[in-house]
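Student: I would like to work through this model with you, one question at a time. Could we begin once the structure is in front of us?

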2 protein chains.
Amino acid sequence: LATRKKQKKEDATSMAARQREIAVSEFFSKNRHLLGFDNLSKALLTTVREAVDNALDACEEAHILPEIHVTVKELAETRFSVTIEDNGPGILKSQLPKIFAKLLYGSKFHRLKQSRGQQGIGISAAVMYGQMTTGQPAVVISKTSQGKPAHKLKLQIDTQRNQPKVIDDVIIDNKHWNEKESGTAITITLEATYKGGKHGVASYLHQSALSNSHAIFVFTDPKGKVHDYPRVVNELPKEPKEIKPHPHGVELGTLMHLLEASRGKTVSKFLKDTFSRVSAKTAADICKTAKVKGGASASKAGRNEAEKLYNAIQNTKLLAPSTDCVSPIGEEALIKGLYWLFVEAQKHQEEERKAQKAQQDLFEAANDKEKEGDDAQEEPVVEKEGGNVQMELALAPDGTLASDEKGYFVTAVTRSPNVYRGNPFQVEVGIFYGKGLAGDDQARVFRFANRVPLQYQASACAMTKSVTSTRWKTYGLNQSRGSLPIGPVVIMVHIASAWVPYTSESKEAIANYDEILKELRLAINECGRRLQKFLRRKRKEADEEKKRSYIIKYMNPIGEALQEILGFSDSQKDETISSLKEILEDARGHMPGGRSIK
Amino acid sequence: LATRKKQKKEDATSMAARQREIAVSEFFSKNRHLLGFDNLSKALLTTVREAVDNALDACEEAHILPEIHVTVKELAETRFSVTIEDNGPGILKSQLPKIFAKLLYGSKFHRLKQSRGQQGIGISAAVMYGQMTTGQPAVVISKTSQGKPAHKLKLQIDTQRNQPKVIDDVIIDNKHWNEKESGTAITITLEATYKGGKHGVASYLHQSALSNSHAIFVFTDPKGKVHDYPRVVNELPKEPKEIKPHPHGVELGTLMHLLEASRGKTVSKFLKDTFSRVSAKTAADICKTAKVKGGASASKAGRNEAEKLYNAIQNTKLLAPSTDCVSPIGEEALIKGLYWLFVEAQKHQEEERKAQKAQQDLFEAANDKEKEGDDAQEEPVVEKEGGNVQMELALAPDGTLASDEKGYFVTAVTRSPNVYRGNPFQVEVGIFYGKGLAGDDQARVFRFANRVPLQYQASACAMTKSVTSTRWKTYGLNQSRGSLPIGPVVIMVHIASAWVPYTSESKEAIANYDEILKELRLAINECGRRLQKFLRRKRKEADEEKKRSYIIKYMNPIGEALQEILGFSDSQKDETISSLKEILEDARGHMPGGRSIK
């Protein structure tokens, strides 16, 4: 066909010789960007995130209030070690290799229950990434209960077979682990860079603290600085229940497969046992509609029977899926979290800054002492002890926490659960407005799914879309059409679901389902209306203040001028001024929203 | 911790009992949107695309000019069957089950060579999707050479184990397959919807024809209408070579693994055999720099030696990766393809429309015959025979094909190969301007990677970004800043690479690598400059024409007026007018670009 030199012409036989199985670990090592390891700084964040997600899930399943320590150390210019230690229930020694060094292995994939992890890939992918980039095995320590030993394993993945390799296996005997009741620690050495900013580890933990106000996070950064995120809610969140799939969500092929796999069950019992919202009565109805015998063997049903059952299910009215499989953060926890991060923590930072400044000043001019920072706390309602913060916050009846004086406002709305494509989900939105944030910047949107902060692909996410498509001008904030509103505002959005519809495997954005967008809109609008009231009051107060100062400023000179012109006595003058004030106040009283001044 | 009823509190033992392996097929069936099966219309397109990609790859590897038949039939409201048949080399019967019904199996993953498929997932994912949504097995027919039988297998996937199941296995004996030399056909029944528009199958094949001008596509749509995309280049594209990885792209962990797996080789030989651009001399240099003995056993090298070798490799100057592993479409094929689609095919459609219109007119008013369409072809350079189109196109020296008279312009630029992160790639851009396209719409951008049209996630793609960031006003097109240009324009962009950096598994957009963006920009600018010349000429001619008609129109009345006012004789009048014309022409001659009129 052409004159140039050709490579060997292939045929079916030569091509067959090259066909090979691809281990899932090979696949993801070559496609590692799909899992969030596409650049050095993201690799570090992803590693922390996967380990923290697992730690939080494990603590909650064991009903333990989580305390998580994250340590990032710089070993060389682009080489770091990352250690995540939890106080969870620990992991049996026999399970450690597979959990940390085998992709697609886990306990969360085969069930319908809200959790952070789902796929059984994340942490093993981090181990694999570390191994590929530095050749170092992961080091895992775990202890399952007081009195039992803590095991320390060094683990690698055989990427060509997706199997774990145990390099080293010892028992740890030191004070820390001997005293610790239970828990797991993992250390991964990896090629990475450490970045601050909104995609950094500190920002991720800052946001995690917001969505997990029942957890303590302690982060030691590469410079040895300790960032402390205390616990502000001393109770575990409502535990989501595991549910069975809803029959309206099943597909024909899947139904056939389930029937085939149901050993020894009748069709009726199969329907009742396999699905939620199917009682014995409903099962009988379905069989009747399908003209399939309820007492027949389920595993012997052929394609015909399956198709008839499938159609009957579609035509049977059923209760909507149960929604107790989702667990929201809750309005109070959201408000406390936002209050803590943007009022208290801000204040602490302010104090820290002041203290640093003071030290610096002392250093620079030892005799100049009046600049020293003021350490007095002004809000006695907050006590910090250990990692726990005791907060007694009095919310207004409309579910807001605001201080006109200090100029902040917090509110949150948790919607009732709803369903998209058969999957229960629940949406909640919190808003913080106020001091410490720049007033002429765009609002910041913190996105969360099953309590995990999402830090990439904001523009592709339904949560961002729901914020930018809201008309914030109605609620008193500036906004260019289709953009984020302008103001000292943080908007926190959370979706909880037994099956979060991520747009990609690296779990960075939520797909645009109409049902989800609608719930988001309703929650945002409610928060917006509350914010609007606060802003209106704030504006009115500012106006009042201006008028008050105006009246006070000019009333007396006016009085004196009148006295001079008209020859009033002092009492006449006072009387006139008083009437004048009254008239002015009256006039203002008729202005919309006017309030009299005492 | 709380008063409400709890689910069972988990511990390490109860959690271990729930840990399970997840088959990759289970993973992707639950995450099928990652592979392009997220909605009914996309599922149809993805199925066609995966099968066509494989067919084209197979034909090219066997040096066969591809002829591909796609048939989509509507079986019920949301149930379709899709059949793709090729004239490729066929597949050995023993390989059929794994190739079509096992995820992560294939011949393309473990090599560095440009091809459409890479991952060994696509077609099996389509089979799995069909099976899950309709319960129907896939039907595969394949024949490897004249004289051998055509085998027909019905295949399913055991999704829980990722293993193929053969439901039926027969030999086909019919005229079609007996006469056919070799080839493969696959039929998948699936839940889907059929959509027109830019995300539809017809649009996909339209674009595939553009990037595969050496292939014939015949598409029978659900209404039985046959869409014909003929072959316009009678030669296979340059076959890309398989290359070895470049040492600068290897990571430490991977190097350790490769060393360990290199049985019986010395370090020197290992380096030379494993990587491209490493001669015996270079290998010796690397060993010297690393202070590792070249004659030592490679598989016995420990972490220390590996790290020394790794550092030595980074510090050794090497030739850039070889670029013969990429194969562009080529400027001529791009121009022919664009010309065919937007001039010839347009004309055919026009004729078809005219013929339909004529029939309609005949039907509506049997006596009104003068409206009948004109069937005469105006361009004798194009002959169509079978599925091949013979085109003799004379390109201008600047690589453009244009007709001022007919108002079209085509050009294309194929850049030299370049390298991003160690991966060779090559970029090319084609532009069509002209009739048949709406002049006040935004330009359409056709994106391709390894000849495969990309139809989703345009806004996330480096190719789109490179078009919108070009300043098209310079080249004579209107444009709002950061948007696509306005005009009757199609811009075709192609990237060829042994490793295309897709932003997601479903292969829909290209990541923003600086090196890639730069090459794209250079190619677009060159096309833009050529377009600019054409548009300038076109505009000038329009101006000339206007002036010519102006002079002709007004000269005579002016002469007559002068005659009347000044009492000129006819000859005086003619003389005056002639001088007047001359002066005007002269004046225009001095205007930039003015041309005299004869």
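Student: Is B:Asp273 buried, exposed or partly exposed?

Tutor: The model is predicted, so local features need pLDDT of at least 70 and side-chain atom pairs count only at pLDDT 80 or more, whereas totals for chains, interfaces and linings use all residues. Residues are numbered from 1 along each chain as its sequence is written, chains are lettered from A and ligands numbered from 1 in the order in which they are written, and side-chain values use heavy atoms, with hydrogens and water left out. By definition, buried means under 20% relative accessible area, exposed over 50%, and partly exposed in between (1.4 Å probe, protein chains only). Because its relative accessible area is 23%, B:Asp273 is partly exposed.

Student: Which residue does B:Asp273 meet in a salt bridge?

Tutor: A salt bridge is a side-chain nitrogen of Lys or Arg within 4 Å of a carboxyl oxygen of Asp or Glu. B:Asp273 lies in helix 9 (residues 267-274) of chain B together with its partner, four residues apart, about one turn of the helix, where helices are DSSP runs of H or I with at least four residues, strands are runs of E with at least two, and both are numbered from the N terminus. The N to O distance is 2.9 Å, and the partner is B:Lys269.

Student: How many residues apart are B:Glu85 and B:Lys180, which form a salt bridge?

Tutor: The closest N and O atoms of B:Glu85 and B:Lys180 are 2.5 Å apart, and both residues are buried. B:Glu85 sits in strand 3 (residues 79-85) of chain B, while B:Lys180 is in the loop between helix 6 (175-179) and strand 8 (183-191) of that chain. The pair therefore links distant parts of the chain, with a separation in sequence of 95 residues.

Student: Which residue of chain A forms a salt bridge with B:Lys102?

Tutor: B:Lys102 is in the loop between helix 4 (96-101) and strand 4 of chain B, and the pair crosses between chains to strand 1 (residues 20-21) of chain A. B:Lys102 is buried, with a relative accessible area of 2%, whereas its partner counts as partly exposed at 46%. With the closest N and O atoms 3.5 Å apart, the partner is A:Glu21.

Student: How much area do chain B and chain A bury between them?

Tutor: Contact, meaning heavy atoms within 4.5 Å, takes 85 residues from chain B and 86 residues from chain A. Eight salt bridges are counted between the two chains. Buried area is the accessible area (1.4 Å probe) that two parts lose on being put together, summed over both; here 54% of it is on carbon and sulfur atoms, and the value is about 7300 Å².

Student: Which residue stands opposite A:Tyr105?

Tutor: Strand 4 (residues 105-106) of chain A and strand 1 of chain B pair in the antiparallel sense over two bridges, two strands being paired if DSSP finds at least two bridges between them. In strand 1 of chain B, the residue opposite A:Tyr105 is B:Glu21.

Student: Is A:Thr464 buried or exposed?

Tutor: A:Thr464 has its place in helix 13 (residues 462-468) of chain A. Not counting residues up to four places away in sequence, A:Thr464 touches A:Arg447 and A:Ala458, and the backbone oxygen of A:Ala458 lies 2.6 Å from a polar atom of the A:Thr464 side chain. Because its relative accessible area is 13%, A:Thr464 is buried.

Conventions:
Polar contact = N/O pair within 3.5 Å; in protein donor to acceptor, adjacent residues only side chain to side chain.
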